[in-house]
Amino acid sequence: MWVYNVKGLVVVLLGVGLGIGLSLSPTTKPFAVFAAIIAAMLIDVWMRLRSEDHDRPMIHPDAGGHIWFAPLWVVGIVLFVVIGLVEFRLV
């Protein structure tokens, strides 16, 4: 995974930190992964909505976190779906 900017790194680290914290309990491991993805997506959207530097902050690379030049919430939705399908054995 290649993080495009510092904001993206901060958001990913916050999400991973939340996921690790929740995964300490053996009953919440699948929930921890989903919570980490949702937290990272929500923090990124919050950062974008507060950005006043750009005219289109929802897609501008400097307004929030970008991974592989895609907004973090787009990557998060894809990961959420893929991990959900695998976790619930639908694929």
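Visitor: What share of the residues in the protein is buried?

Guide: A residue is called buried when its relative accessible area is under 20%. In this predicted model, buried residues account for 32% of the 91 residues.

Visitor: Which residue can serve as a case, and where does D44 lie?

Guide: D44 lies in helix α2, which spans residues 29–50.

Visitor: Why is D44 called buried?

Guide: The cut-off is a relative accessible area under 20%. D44 has a value of 0%, so D44 is buried.

Visitor: Which residues does D44 touch, leaving out those up to four places away in sequence?

Guide: With those left out, D44 touches V11, G64, G65, L72 and W73.

Visitor: How many helices and strands does the protein have, and in what order do the elements run?

Guide: There are three helices and two strands. Read from the N terminus, the order is α-α-β-β-α.

Visitor: What do contacts say about residues far apart in sequence?

Guide: Take the contacts between residues at least 6 apart in sequence. Of these, 55% join residues at least 24 apart.

Visitor: What are the dimensions of the box that the C-alpha atoms fill, and what area does the protein expose?

Guide: Along the principal axes, the box is roughly 45 × 25 × 20 Å. The exposed area is about 6000 Å², and 73% of that area comes from carbon and sulfur atoms.

Visitor: How many positive and negative charges are there, and how far apart are their mean positions?

Guide: The protein has 6 positive and 6 negative charges, and their mean positions are 9 Å apart.

Conventions:
Residues numbered from 1 in each chain as written. Predicted model: local features only at pLDDT ≥ 70, side-chain atom pairs only at ≥ 80, totals over all residues. Heavy atoms only, no water. Helix = DSSP H or I, 4+ residues; strand = E, 2+ residues; numbered from the N terminus. Buried < 20%, exposed > 50% of the residue type's maximum accessible area, 1.4 Å probe, protein only. Contact = heavy atoms within 4.5 Å. Areas by Shrake-Rupley, 256 points an atom, 1.4 Å probe, with all protein chains shown as cover. Lys, Arg positive; Asp, Glu negative; His and termini not counted. Charge placed at Lys NZ, Arg CZ, Asp CG, Glu CD.
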